[in-house]
Amino acid sequence: MSEISFDDFMKVDIRVGTIIDAQPFPEARRPAIKMWVDFGAEIGIKKTSAQITKYYTPEKLIGSQVAGVVNFPPRQIGPFMSEFLCLGFSDGTADKGIVLIRPEQEVPNGERLC
């Protein structure tokens, strides 16, 4: 991978938000969950779809915080418009389960990664 400058990194707007709603997404090609995340007053509520069903259920996600890229353009995923990219790591297994990036302590919604 090529190196990037700090200015390049700063172009990626990564914020924290609280999941206020999560629902199964049966129309997705691969198992996924639809999430609505509150990124605070400046950004508001954004929605996304994430293939995170190996480790998470909609019920257990509500109220937890996640990190997301909020300055990508919206992307149509089947019948659903995704407005941000929820961040996670592959668990390294063959089926590539995703483990979400979440703060260890609660932080204010909308805080930027620093």
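## Two pockets in a predicted model

The second largest pocket is a good place to start: its lining is made up of Ile-14, Arg-15, Val-16, Ala-67, Ile-101, Arg-102, Pro-103, Val-107, Glu-111, Arg-112, Leu-113 and Cys-114. Keep in mind as you look around that this is a predicted model. Strand 1 (residues 14-24) gives the largest share of that lining, three residues. Sorted by class, the lining of the second largest pocket holds eight nonpolar and four charged residues, with no polar ones.

Now to the largest pocket. Its lining counts 31 residues, and those nearest the centre are Arg-30, Ser-49, Ala-50, Gln-51 and Ile-77. Several strands take part here: strand 3 (45-50), strand 5 (75-77), strand 7 (85-86) and strand 9 (98-100) each bring at least two residues to the lining of the largest pocket.

Here are the two pockets together:

| Pocket | Volume | Lining by class |
|---|---|---|
| Largest pocket | about 910 Å³ | 14 nonpolar, nine polar and eight charged residues |
| Second largest pocket | about 240 Å³ | eight nonpolar, no polar and four charged residues |

Finally, a word on the annotated region. An unreviewed UniProt entry places the feature "domain: TRNA-binding" at residues 8-114. In this model, the C-alpha atoms at the ends of residues 8-114 are 14 Å apart. Strand accounts for 39% of the span and helix for 7%.

Methods
Residues numbered from 1 in each chain as written. Predicted model: local features only at pLDDT ≥ 70, side-chain atom pairs only at ≥ 80, totals over all residues. Heavy atoms only, no water. UniProt positions renumbered as here; feature names shortened; annotations may be inferred. Helix = DSSP H or I, 4+ residues; strand = E, 2+ residues; numbered from the N terminus. 1 Å grid on protein atoms, 1.4 Å probe; cavity = no way out; pocket = protein on both sides within 12 Å on 5 of 7 lines; lining within 4 Å. Points joined across faces, edges and corners; volume = space filled by probe spheres on them. Nonpolar A, V, L, I, M, F, W, Y, C, P; charged D, E, K, R; others polar.
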